[in-house]
Amino acid sequence: MDQTEWGSQVMAALEPSVSGSGAALAEDMLTDASPELRRLAALARYQLDPDVPLDQRAFERLIGMATRLFSVESALISFIGDGWQWWGATCGIGSLRLPETGMDASQSLCSSVVDSGRPLTVPDMSSDDIYRHHPLASENGVRFYASEPLLTPDGYAIGTLCLMDLQPRAPLTVSEQQTLTDLAQLVMDELELRLLALEQGRQAAASTLLSENLREALAQAETLQAISALSELGLGVDELLFRAVALCASVCDVDLGSLVALYEDRAFIFPAWHSPRTAGLSDVVSRGLKRTECEPIWTTALSDKQQPVFLNAYPSHPGAHLTMVQAGVVAQAYAPLGGRGEVRFLMVLSRVDRDRPWRPHQRQLVTAVARMMRDLSRQRRQQEELAANSAQLDLALSSAPLVLFAVDRTGTFRLVRGNPEETRAWQSLVGLGVDEAFGSAPQILNNIHRAMSGENFGDVVHIAGQTYDVRYIHAQDAAGQPAGALGLGYNVTGRARAEQQATAAQHVAEALLGLAQTVTGGELNGGVSDKDFGQSVTK
């Protein structure tokens, strides 16, 4: 594992998790870790890349100042990682024949400075019994070496500021040693400033991202609100879908938004919106395509999942249409919008010459718009079917002496429909409670309460001098819960009067037949005078 990867893992452990326990867990781990592991964690905090020199000019100025103050040939800032030493900044090391990027820490004299945490000065390595055989002396010709550890605020040595020369030098005086210590502290101050700048940069980037996400969320909400407002304009399904596609395309960073209607084996494309840079693309795609020419569209439309599909690298897709590819389309999104009869609708969004990933908010918006359009289309179809059924009902009711009434679950009349002649007296019931409307008609009141309680039955009632044969039905809502009662009354007043007249005539006939029997019987028994017959009838 290289130093960068190891440092990334340590820093990841130090980042707080969503639950807030990540930092505490990392702290516990480091408390129990070895001093070297804690030192490496301190080094990783500064986010230094072994393959990339420190980019601030301040570090170059510091080591340049060191070479001038101490009159040495070379100076460098080095960092000691996990078995590896690398240079953060260098000045004049070309003559020392040191590796350009770093070296094995086991061969580094700076490692001993980091391990001890104390400065080290060797006036002449070639005559020093301890360091005369060190590679710096034997291979690189270094005679003078002085090094100061780079100490973090919490006391960990993460590297060194060192001076080297090919000529021997006198030991550093107390004043010179303090100067070297001050320079090393200045290096650490610059590292802290660099770290602060990195954190501020991340915070600024996070703030920018947050602002951008808020703008996108606002645009998404406004788009959905605008589409919802469209549904209240009484537009037809086709016009509603067309305008919704235009609104969605205008905020999804695309170049073309089209409404596609699939009928039989062809897809008819209707461009709804385009960016200024792709005005000509609308003419290219405005035509009918065979199913074999646009398979991705058909696959999405006929899928049971009814979920949008987002494609990048469109030209390499097996179902890519040659005309689209030639027009520069590099990314597309397909969203099913539902159907009407044998026609199925899709929203197709296209990008030209800009194959960027589909961002989460764009996917969410396309998905939400598609779902909203499917729901609105379904509601519109249901409304149209309801209107057609209502027209048929009105036609049937107006062609016969019928009255339809509805009572809600609270016992209030909500609807009276039917033949105008029949409903004239009933219209005054709308808004009244059944108890108020028929408190003086216990038969009707009882019938309505029976229907509201769940009974379906028929009965003949008398209202305002009219006679109705009424069928009562218990009403339920879509969830199967009691919703009131419905009644359909047929005016049978004429029939009732005819039946009454027929009954009266029958009674007269029966009386006459009885009388006739008496008269006939008298005649058969000896005769009755005409005068007596007239008196009998009169009586």
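**Exercise 1. Place strand β7 in its sheet.**

Task: In this predicted model, L259 faces M347 of β12 across the strand pairing; find which strands pair with β7, and in what sense.

Solution:
- Step 1. L259 stands opposite M347 in β12, and β7 and β12 are joined by 7 bridges in the antiparallel sense.
- Step 2. β8, residues 266-274, is also antiparallel to β7, with 8 bridges between them.
- Step 3. The β7-β8 hairpin has 2 residues between the strands, and E264 there has a positive phi near 55°.

**Exercise 2. Decide how enclosed β7 is, and how Y263 fits.**

Task: Is β7 largely enclosed or open, and is Y263 buried, partly exposed or exposed?

Solution:
- Step 1. Of the 8 residues in β7, 7 are buried, so the strand is largely enclosed by the rest of the structure.
- Step 2. β7 covers residues 256-263, and Y263 belongs to it.
- Step 3. The relative accessible area of Y263 is 34%; buried requires under 20% and exposed over 50%, so Y263 is partly exposed.
- Step 4. Y263 stands opposite R266 in β8. With F268 and F270, Y263 forms a nonpolar surface patch of about 270 Å² accessible area together.

**Exercise 3. Describe the largest nonpolar core.**

Task: Which residues touch the most other members of this core, and which element gives the most to it?

Solution:
- Step 1. The core has 31 residues, and L337, M347, L349, V366 and M373 touch the most other members.
- Step 2. Elements giving two or more residues include β7, β11 and β12; α8 gives the most, with 8 residues.
- Step 3. Among the contacts of L349 are L256 and G257, as well as W358 and V366.

Conventions
Residues are numbered from 1 along each chain as its sequence is written. This is a predicted model: local features need pLDDT of at least 70, side-chain atom pairs count only at pLDDT 80 or more; totals for chains, interfaces and linings use all residues. Side-chain values use heavy atoms; hydrogens and water are left out. Patches are made of residues with over 30% relative accessible area and no salt bridge: like charges are joined within 9 Å, nonpolar side chains (Val, Leu, Ile, Met, Phe, Trp, Tyr) within 5 Å. Accessible areas come from the Shrake-Rupley method with a 1.4 Å probe; for residues, only the protein chains shown count as cover. A salt bridge is a side-chain nitrogen of Lys or Arg within 4 Å of a carboxyl oxygen of Asp or Glu. Helices (H or I, at least four residues) and strands (E, at least two) are DSSP runs, numbered from the N terminus. Buried means under 20% relative accessible area, exposed over 50%, partly exposed in between (1.4 Å probe, protein chains only). A nonpolar core is a set of buried Ala, Val, Leu, Ile, Met, Phe, Trp, Tyr and Cys residues joined through side-chain atoms within 4.5 Å. Contact means heavy atoms within 4.5 Å. Two strands pair if DSSP finds at least two bridges between them. Lists of a residue's contacts leave out its neighbours within four places in sequence.
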